[in-house]
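The report below reads through a single protein chain, beginning with a residue in a loop and moving on to its helices. Please keep the sequence and the coordinates at hand while reading.

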Amino acid sequence: MERYKILEEIGDGTCGSVYKAVNLETYEVVAVKKMKRKFYYWDECMNLREVKALRKLNHPHIIKLKEIVREHNELFFIFECMDHNLYQIMKERERPFSEGEIRSFMSQMLQGLAHMHKNGYFHRDLKPENLLVTNNILKIADFGLAREVVSMPPYTEYVSTRWYRAPEVLLQSSSYTPAVDMWAVGAILAELFSLTPLFPGESEIDQLYKICCVLGKPDWTTFPEAKSISRIMSISHTDFPQTWIADVLPCAPPEAIDLITRLCSWDPLKRPTADQALNHPFFSMATQVSYPLHDLELRLNTMAAMPNLELNLWDFNTEPEECFLGLTLAVKPSAPKLEMVHNVSQDMSENFLFCPGVNNDREPSVFWSLLSPDENRIHAPVESSPLTLSFSPMQQHTTVGPGLGPPQTTGFTMASSMQPNMLDRPWMAVSAPFQQSHYL
Ligand SMILES: Nc1ncnc2c1ncn2[C@@H]1O[C@H](COP(=O)(O)OP(=O)(O)OP(=O)(O)O)[C@@H](O)[C@H]1O
């Protein structure tokens with residue numbers, strides 16, 4: 001280890017402390033993870049899950065393990081060094097992420113995860129702290145709990161941080177699959193929109209309670225291998241204040257709500273795989289470009305005085321089944337100054353959505369939303385929901401409550417105030433009415 005000069009501690013986890021260090025021969029800055037327990041034999045080191053998984057996984061969105069050093073019975077992992085983890089970024093964030101930023105983080109995470117799952121591993125501890133970011137490049141880290149897909153159940157030990165823990169793990173199912181990672185992806189996607197955890201359980205039973213508040217009670221036959229009968233009994237006999245994911249995430253577009261709903265399915269078999277998630281419409285929405293407010297105003301000022309909406313329906317047919325909720329209509333407005341521009345504080349940047357192929361600098365195409373009759377309730381069956389056209393720009397949405405659907409945020413979105421935190425979600429602040437310590 002004399003080749004490395006330790007600069008500062010950058011992380012402390014259950015298994016190891018992580019330091020920023022510099023390689024004195026190459027001057028490369030690295031992250032050194034010093035394992036907390038002693039390792040007396042090389043075989044022990046090579047058998048570590050983290051080592052086995054990382055030696056096999058080589059991908060741009062998976063952290064690179066450069067070297068392993070054993071010295072005086074201590075074990076050091078030398079990793080490429082990243083600047084932040086996603087938890088720190090969210091904590092320090094003062095305004096919501098743009099949809100483009102969220103899509104980018106998500107797509108990188110899913111690409112890394114798809115590679116991992118295809119190579120026979122699942123992570124089991126996905127959480128924002130384990131997603132490392134430098135210059136908007138995201139890499140999955142901490143393979144301490146990674147497991148080979150082919151390894152044999154029962155899996156009994158502690159798995160994954162509670163808030164991102166899949167229900168089958170909470171119910172102590174003796175076998176589970178890479179779908180546990182997909183549940184965590186859904187919870188992380190929701191958190192990227194709200195900057196607050198979707199299911200912030202205070203104990204394992206409270207975790208189930210918080211999940212039920214959003215998803216309703218599961219069909220218990222989904223978990224034939226669940227061992228925690230006491231938890232099932234407690235939950236079965238409890239009434240929950242029901243809310244919807246769309247109400248919890250008023251600024252998320254319907255495509256995101258749909259993806260979160262699928263990823264956070266009670267039934268692991270119903271959760272999309274990483275590859276399927278990457279093909280979800282959430283990732284094929286228009287490219288989002290951020291402009292500072294003054295730039296937007298300048299652009300709008302150069303346009304004609306009267307709104308002139310010119311519809312461009314391109315390839316869409318009129319058959320309802322060819323549309324989906326949240327489908328956007330591209331219109332070319334020559335609107336002078338949209339009302340909203342004046343309502344937004346000066347220090348906010350605006351998000352403009354351009355339709356690839358039709359935008360140019362002089363006449364930006366603004367996306368306007370196509371509202372379904374029941375607003376954004378994504379769980380409404382699309383087939384039975386004839387679409388009506390409502391040509392109105394996005395509205396700033398301030399009130400959220402049961403029965404009030406959030407606006408269609410696909411499209412011309414203004415950077416709005418932060419999404420509600422836990423205090424704005426009374427049902428989230430309330431814990432499960434159970435004796436917690438009993439279940440811990
Ligand atoms: N390569 C890296 N570059 C920069 N920071 C890192 C790196 N690896 C880890 N860290 C930081 O150190 C923290 C702890 O690292 P890691 O999760 O690998 O340790 P752990 O002991 O396995 O943690 P856990 O308690 O989550 O199991 C991370 O959350 C991250 O902030």
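Asn73 counts as partly exposed because its relative accessibility is 28%, where buried means under 20% relative accessible area, exposed over 50% and partly exposed in between, computed with a 1.4 Å probe on protein chains only. This is a predicted model, in which local features need pLDDT of at least 70 and side-chain atom pairs count only at pLDDT 80 or more, while totals for chains, interfaces and linings use all residues. Residues are numbered from 1 along each chain as its sequence is written, and side-chain values use heavy atoms, with hydrogens and water left out.

**Two loop residues with positive phi**

Asn73 lies in the loop between strand E4 (65-71) and E5, and its phi is near 65°, a positive value in a residue other than glycine. Helices (H or I, at least four residues) and strands (E, at least two) are DSSP runs, numbered from the N terminus. Asn135, which is not a glycine either, has a positive phi of about 45°, and its place is in the loop between strand E8 (131-134) and strand E9 (137-140). With a relative accessibility of 67%, Asn135 counts as exposed.

**The chain as a whole**

The protein chain has 15 helices and 15 strands, and buried residues make up 54% of its 440 residues. Of the contacts in the chain with a separation of 6 or more, 70% are accounted for by residues 24 or more positions apart, contact meaning heavy atoms within 4.5 Å.

**Glu80 and Arg93**

Which residues does Glu80 contact, leaving aside its neighbours within four places in sequence? They are Ala31, Ile62, Ile63, Lys64, Lys66 and Lys139. Glu80 itself lies in strand E5 (residues 74-80) and is buried, with a relative accessible area of 18%. Its C-alpha atom is separated by 5.1 Å from that of Val30, a residue 50 positions away along the chain.

Arg93 is found in the loop between helix H3 (86-92) and helix H4 (99-118), and with a relative accessible area of 16% it too is buried. The table lists polar contacts made by the side chains of Glu80 and Arg93, a polar contact being a pair of N or O atoms within 3.5 Å; within protein, one must be able to donate a hydrogen and the other to accept it, and residues adjacent in sequence count only if both atoms are side-chain atoms.

| Side chain | Partner | Distance |
|---|---|---|
| Glu80 | Lys64, backbone nitrogen | 2.8 Å |
| Glu80 | Lys139, side chain | 3.1 Å |
| Arg93 | Arg95, backbone oxygen | 2.8 Å |
| Arg93 | Pro96, backbone oxygen | 3.2 Å |

**Helix H6 and its packing on H10**

Helix H6 (residues 179-194) has 16 residues, which at 1.5 Å a residue should span 22 Å, and its end C-alpha atoms are 23 Å apart, which agrees; the expected span is 1.5 Å times one less than the number of residues. Because 16 of the 16 residues of H6 are buried, the helix is largely enclosed by the rest of the structure. Just after H6, Leu195 takes a positive phi of about 60°.

H6 packs with helix H10 (residues 254-263) at an angle of about 150°, their axes being 8 Å apart. The two helices are therefore roughly antiparallel, a term for angles over 145 degrees, whereas those under 35 count as roughly parallel, 65 to 115 as roughly perpendicular and the rest as oblique. Axes are lines fitted to C-alpha atoms, for helices over the stretch in contact, and angles run from 0 to 180 degrees between N-to-C directions. On the H6 side the contact is made by residues including Met182, Trp183, Leu189, Ala190 and Phe193, and on the H10 side by Ala256, Leu259, Ile260 and Leu263.

Ala190, found in helix H6, is buried with a relative accessible area of 0%. Leaving aside neighbours within four places in sequence, Ala190 is in contact with Leu198, Leu249 and Ile260, and its C-alpha atom is separated by 9.0 Å from that of Val248, 58 residues away along the chain.

**Helix H7**

The 12 residues of helix H7 (residues 204-215) should span 16 Å at 1.5 Å a residue, and the end C-alpha atoms are 16 Å apart, in agreement. H7 is mostly covered, with 11 of its 12 residues buried, among them Ile205, Leu208, Tyr209, Cys212 and Cys213. Gly216 follows H7 and has a positive phi near 75°.
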